[in-house]
Amino acid sequence: KKKKKMFPTKEQTETNSNWKWIRENENSWKGDGNNLQLEGLEGSIWGTPEFQAKTFGASSPLVQNILLNTSSTKTLESVSVEVAFTPQKYGAQAGIVLYLDDNNYIKLVLEGNKTGGSMIVFAREVNGEPVLVGKSVVEMKNFISLKIAKSKSDSSKLTALYQLDDRSTEDSNWKFVASTSNESNDGVLIDTIEGGHVGLIANSFGKENEWVTFQNFNLKIN
């Protein structure tokens with residue numbers, strides 16, 4: 001019996017129907033179904049164009065090749081993925097997105113730090129207003145696993161976790177980045193992205209693009 005493919009491929013398969021693209025650029029993704037490679041093209045959904053111009057001095061084009069699973073964020077228990085990527089530039093990033101639209105989403109990404117090196121960023125945007133929820137500086141070697149999970153005791157609460165070069169399934173091996181709930185002013189507003197979808201994202205602030213490999217996508221829904 002053939003193992004079911006995890007990710008879409010350029011050929012038509014049953015798995016492809018479980019995914020949809022936002023602004024697909026066919027030349028900037030590839031994969032065999034078990035691995036997915038995305039080219040982190042220049043683009044951003046961080047705030048409105050006006051916000052970007054004020055904050056960064058210029059606005060960016062919208063992110064291409066956001067890949068969404070057809071499962072709703074409303075039924076999400078947890079999502080994790082392995083990311084093979086060492087950002088070479090500030091703002092180059094890749095990871096998980098809980099996406100309703102370009103102005104309402106939650107993301108957990110590995111990102112190039114302004115001072116060099118890498119950091120994990122957990123952030124949200126509601127109605128075009130982005131907020132950093134938490135971050136952790138990490139020293140990349142081979143790969144990182146990122147995970148967003150709903151609290152078992154409070155379904156409005158999300159926790160961001162990571163593992164470095166580790167494929168352990170033990171909960172205790174996941175390291176904490178940040179967690180938040182509807183009640184916190186700087187938090188992730190779960191209700192805002194209900195009706196959205198779980199997905200993967202890779203993008204860059206500059207013209208020099210970096211390829212990212214995703215593996216071991218694990219989605220738990222109720």
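**Entry 1: K150 and its strand**

For the elements named in these notes I take helices and strands as DSSP runs, numbered from the N terminus, with at least two residues for a strand. On that footing I looked up K150 and found this residue in strand β10, which covers residues 144–150. I was working throughout on a predicted model, and I keep that in mind for each entry below.

I then asked whether K150 is buried or exposed. With a relative accessible area of 17%, K150 is buried, because the cut-off for that class is under 20%. I also noted that a polar atom of the K150 side chain lies 3.4 Å from the backbone oxygen of K74.

**Entry 2: aromatic pairs**

I went through the rings next, and the count comes to 6 aromatic pairs. One of them is formed by F7 and F217, with 6.2 Å from centre to centre and 55° between the planes, and this pair is tilted. I asked which parts of the chain are tied together by F7 and F217. F7 lies in the segment before β1 (19–22), while F217 belongs to strand β14 (residues 210–221), so the pair ties together parts that are 210 residues apart in sequence. Both partners are buried, F7 with a relative accessible area of 0% and F217 with 11%.

I turned then to W21 and W29, whose ring centres are 4.7 Å apart and whose planes stand at 35°, so that this pair is tilted. W21 and W29 are both buried. I also wrote down that ring pairs link F7, W19 and F217 into a cluster.

**Entry 3: lysines over rings**

Having W29 in view, I checked for charges over rings and found K10 over the face of W29, at 4.7 Å from the ring centre. K30 likewise lies over the face of W211, at 4.7 Å from the ring centre.

**Entry 4: nonpolar cores**

I asked which residues have the most contacts inside the largest nonpolar core. This core has 38 residues, and the ones with the most contacts inside it are V83, L98, I120, F122, I144 and F214. Strand β5, residues 76–84, gives the most to this core, with 4 residues. I found a second, separate core of 14 residues as well, including I22, I45, L68 and V121.

**Entry 5: R124**

I looked up R124 in strand β8, which runs over residues 118–126, and at 7% relative accessibility I count R124 as buried. The side chain of R124 reaches the backbone oxygen of E129 at 3.0 Å. The C-alpha atoms of R124 and L98 are separated by 9.2 Å, with their positions 26 residues apart along the chain.

**Entry 6: the largest pocket**

I asked how many residues line the largest pocket. The lining has 27 residues, and S78, K147, D171, W174 and K220 are the ones nearest the centre of the pocket. About 690 Å³ of space lies in this largest pocket. I traced the lining back to its elements, and β5, β10, β11 (158–164) and β14 each supply at least two residues. The largest share of the pocket lining comes from β5, with 6 residues.

**Entry 7: cavities**

I searched the whole structure for enclosed space and noted 2 cavities of 30 Å³ or more. The largest cavity holds about 40 Å³ of space, and among the residues that line it are G40, F85, Q93, N203, E208 and V212. The elements that give two or more residues to the lining of this largest cavity are β13 (197–203) and β14.

**Entry 8: positive phi**

Lastly I looked for residues other than glycine with a positive phi, and I noted N65, with a value of about 55°. N65 has its place in the loop between α1 (49–56) and β4 (66–72), and with a relative accessible area of 1% this asparagine is buried. I noted N216 too, where phi is positive and near 50°. N216 lies in strand β14, and at 38% relative accessibility I count N216 as partly exposed.

Terms used: Residues numbered from 1 in each chain as written. Predicted model: local features only at pLDDT ≥ 70, side-chain atom pairs only at ≥ 80, totals over all residues. Heavy atoms only, no water. Buried < 20%, exposed > 50% of the residue type's maximum accessible area, 1.4 Å probe, protein only. Polar contact = N/O pair within 3.5 Å; in protein donor to acceptor, adjacent residues only side chain to side chain. Phe/Tyr/Trp six-rings, centres within 6.5 Å; stacked < 30°, edge-to-face > 60°. Lys NZ or Arg CZ within 6 Å of the ring centre and 35° of its normal. Core = buried A, V, L, I, M, F, W, Y, C linked by side-chain atoms within 4.5 Å. 1 Å grid on protein atoms, 1.4 Å probe; cavity = no way out; pocket = protein on both sides within 12 Å on 5 of 7 lines; lining within 4 Å. Points joined across faces, edges and corners; volume = space filled by probe spheres on them.
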